[in-house]
Amino acid sequence: MADKTIVITRFDPDKDEAPRKQEYTVPCEPNWKVLDAVNFIKDELDATISYRWSCRMAVCGSCGMMVNGEPKLTCKTTLSDYGDRVDIEPLANFPIVRDLVVELDGFMHKFESVKPWIMRAKEKAEDKAAYHETKGTFSQSAEELGNFKQFSMCINCMLCYSACPVVANEPDFLGPAAIALGHRYNTDSRDQGNDERNEIFRGEGTVFSCSYANECSEVCPKNVDPAAAINQAKFGAVIDWAKGLVIPRGGSN
Amino acid sequence: MDVSRHDIVIVGGGGAGLRAAIEAAENHPTASIALVSKVYPMRSHTVSAEGGAAAVAREDDNLELHGFDTVKGSDFLGDQDAIKYFVEEAPKELALLENWGCPFSRNEDGSVATRAFGGMTTKRTWYATDKIGFHMLHALFQQSMRYKNIVRYDEYFVSKLLVDGGKCQGVAALDIRTGDYSAILGKAVILTTGGGGKIFPFTTNGTIKTGDGMALAYRAGVPLKDMEFVQYHPTGLPGTGILITEATRGEGGYLRNSKGERFLVDYDYGVGNKAELGPRDMISRAIVQEIEAGRGLSGPYGDYVHLDLTHLGEETINAKLPFVRELAKTYVGVDPVTDPIPVRPVVHYMMGGVDTDIDGATEMPGLYAAGETACVSINGANRLGSNSLTECLVFGAAAARHAMKYAEGAGDINETALRAQVEEEATRVDHLRGRKKGGEKISQIRRELNSAMEDACGVYREQTTMQAGVIAVAQLRGRVADLRLEDESKVFNTELITALELQNMVEVAEVLAVSAAHRKESRGAHTCKDFTTRDDTNYLYHTMARHNAAGPQLGKKDVVLGHWVPEERKY
């Protein structure tokens, strides 16, 4: 057990004009994650700090924070990798609600805007040939699954938005996770919604705003590669647009 | 105070709640469906399920077999009409989930792959490597976004059901961001808030699993059913309790003791040639017995056994169990490709819950429940792994259909009366916020509650410790009314939310302990050292617990039999 100074950003909009820092001395166990130290403070030292967390197994995506200036999923980040002083702030590039809690409204709006659901040209009743006759499922090969699988692994922790230099300058930028999500459906063999999504991707502040800093892929705690998704989506949007010049509505999927 | 009116109000945005919302929205395009959750839906604990979801899919399988496996797994306490309905609906529901984009793992011919699971006769667990809960939750959440008639209330904490004239007509909900109360009104309410594993200290459950829906219904006078049955998953990581999926054994993993023996094969634990694929209650007991026989291993976080995957090889582990590898490396520093994973039984799931019928309806008109919150019961005294996600889908959809039908026929609601109830609730919670005059700290009460529940309601139970648990929790019920809170802010006051959750936890824990102490037999997950056999003569019934000022009042409800005759449960 070793004492560390944990510095937490505090902000209560009813009391504080601007975020301030508060220090806590925490007796840290050797195997702790960063989140364990924050939980210790909440339980034993100061019940007034606010932050989000739930699964503590790196899959619910709630507990993203800046740790010594880098966006981290705190339940997955080993505390002993840091020195005696650890600075914990709310995720960068988001409005702060309170303390370590950021606002998700913008993110959720972006997320929904890419139409993240399977689109089919026809209703199921008229589309019977596409489904297995008794099981009612689509057929999908391992290769087809592989085309989109990694882009379906995003846990919406929003670390990539905190790391992205474009989001920092251009808050309306659709951003890595949302583009990767749209691309995930575009590359799913069961989906026929490419036209609609590519039209979105050709809009302002979407795929062509990306500057290829690759920071999103660097910070992703689940090894999703949003930068690759953006790159592929860019290509798809252009090809689709070019096809549209020859055949209206881009032809088949 | 904000007042909003909807056709139905769903509380909880996990698997069951999202499925219910989609079912209602799809079939009633002009209806307004409120989806209220204390977290953004993608944070719901459905996200952490790993192994898969069960439904008959193969030529060598059939509904009768899935039904029998389930009823036998339940130690014959499951309701057979509900189980029959469940297995019939299961393949249809999983096909829909596939159609909505869930990235299921595939066979070579492109069909959905299935894997072996505990207590299941054949491979019927549909999977997406080892992250089915995550993929199911995200597929449902994303699918739900296409329906504009689903109105989400993200990060709203429901603290009271609104009941007028004996009918449930909405909820009082605290907007966590602003600290203000809203009246979210509807002609029917569906509770889908999951279980309450956090009443125990060592659990796979996330911190949000505090039994909220169970406590809401219970306080409103609706009975909780079979609460004594708590599932200990055999394989949790020591220290954190993080789940290591049963799919590890479905894919061929072994459990070994300190001597390296496959104890489920080398000793008789009643699982026969199923060995590692025996049902969870039996395997958890076997692990405890191995440890008590001195054949466990010891570490800083208690005794454990080994889950050995090394013989599966790196390729299989990466292809089928990548998340398990990530979890073992991150949280215990073990690479399962080369070394066995330390595991011990861990509180995972509540078989009991809000008493509902096969339609998801409770005895209170207008109130429905589905998923882990509910007890239909298909799980009886022990749930089979991979039945719970399917249960969320099957009964989430069923509850939505019946709630919508009820809502269409229900009369007008008395908004004035309901608003007054919300005002009253807002005042109560206002007094709790920053309540400096209190004497009890949240973390202290929670620790004592956790400790009492672990002592009283473990894998093995005894009358003396259960009775002590009943007394301890009853005392905590008094003390939790005198919490001392520090945080006076209205904005995102997580201390206040934690206090409300703790009140729910104590309520649910008391029902659990009292129900457990009353059942003097061993059935499924309820295993008593002083009553070691199943007693169908005296205890083949559901335990029904009703709220009473003095504590839970117990009653009985018949088990629906008629298709499968109860027999000795051995494998």
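Here is a quick briefing on how the two chains, A and B, are put together. Keep in mind that this is a predicted model. Chain A is built from 9 helices and 7 strands, and chain B holds a helix, α1(B), that is largely enclosed by the rest of the structure, since 11 of its 13 residues are buried. The contact between the chains draws 43 residues from chain A and 44 residues from chain B.

**Chain A at a glance**

- The C-alpha atoms of chain A fit a box of roughly 65 × 40 × 30 Å along the principal axes.
- Chain A has 253 residues, and 47% of them count as buried.
- Take the contacts in chain A between residues at least 6 apart in sequence: 66% of these join residues at least 24 apart.

**The sheet in chain A and its helix**

- Chain A has an open sheet of 5 strands, ordered β2-β1-β5-β3-β4, with mixed pairing.
- At its edges sit β2 (20-28) and β4 (70-73) of chain A, each pairing on one side only.
- On average, and ignoring direction, neighbouring strands here are turned by 35° against each other.
- β1(A), residues 2-10, pairs with β2(A) in the antiparallel sense, over 9 bridges.
- For a spot to click on, look at A2(A), whose bridge partner in β2(A) is C28(A).
- Helix α1(A), residues 34-45, lies across β1, β2, β3, β4 and β5 of chain A, and runs at about 100° to β2(A).

**Where the chains meet**

- On the side of chain A that touches chain B, α1, β6 (96-98) and α3 (142-148) of chain A each supply at least two residues.
- By class, that side of chain A has 18 nonpolar, 13 polar and 12 charged residues.
- Helix α1(A) therefore turns up twice in this briefing: across the sheet strands of chain A, and among the suppliers of the side that touches chain B.**Helix α1(B)**

- Helix α1(B) covers residues 15-27 and reaches 18 Å from its first C-alpha to its last, close to the 18 Å expected at 1.5 Å a residue.
- The buried residues of α1(B) include G15(B), L18(B), R19(B), I22(B) and E23(B).
- Those buried residues pack against β1 (2-11), β2 (33-37), α4 (132-144), β6 (150-154), β9 (181-191) and α11 (387-409) of chain B.

**Strand β9(B) and its partners**

- β9(B) is mostly covered, with 11 of its 11 residues buried.
- β9(B) pairs with β1(B) in the parallel sense over 9 bridges; there, V11(B) has L191(B) of β9(B) as its bridge partner.
- β9(B) also pairs with β8(B), residues 167-175, this time in the antiparallel sense and over 5 bridges. Here A172(B) stands opposite A183(B) of β9(B).
- β8(B) and β9(B) make a hairpin with 5 residues between them, and G179(B) in the turn has a positive phi of about 80°.
- β17(B), residues 367-369, runs parallel to β9(B) and is joined to it by 3 bridges. L191(B) appears in this pairing too, with A369(B) of β17(B) as its bridge partner.

**The nonpolar core**

- The largest nonpolar core has 257 residues; I10(B), V36(B), V171(B), A173(B), V189(B), I190(B) and A513(B) touch the most other members.
- Helix α15(B), residues 494-518, gives this core its largest share, 15 residues.
- What does V189(B) touch once its neighbours within four places in sequence are left aside? Its contacts are V9(B), V11(B), L161(B), C168(B), G170(B), V171(B), G366(B), L367(B) and Y368(B).

**A sheet in chain B, with α15(B) across it**

- Chain B has an open sheet of 5 strands in the order β18-β16-β10-β21-β22, again with mixed pairing.
- β18 (374-375) and β22 (553-558) of chain B each have a single partner strand, so one side of each is left without a neighbour in the sheet.
- β21(B), residues 541-546, and β22(B) run antiparallel and are joined by 6 bridges, with M544(B) standing opposite G555(B) of β22(B).
- α15(B) lies across β10 (224-225), β21 and β22 of chain B, at about 140° to β21(B).

Notes. Residues numbered from 1 in each chain as written. Chains lettered and ligands numbered in written order. Predicted model: local features only at pLDDT ≥ 70, side-chain atom pairs only at ≥ 80, totals over all residues. Helix = DSSP H or I, 4+ residues; strand = E, 2+ residues; numbered from the N terminus. Expected span 1.5 Å × (residues − 1). Buried ≥ 20, exposed ≤ 12 C-beta atoms within 10 Å, placed from the backbone. Contact = placed C-beta atoms within 7 Å. Pairing = 2+ DSSP bridges. Axes fitted to C-alpha atoms, helices over the stretch in contact; angles between N-to-C directions. Nonpolar A, V, L, I, M, F, W, Y, C, P; charged D, E, K, R; others polar. Core = buried A, V, L, I, M, F, W, Y, C linked by C-beta atoms within 7 Å.
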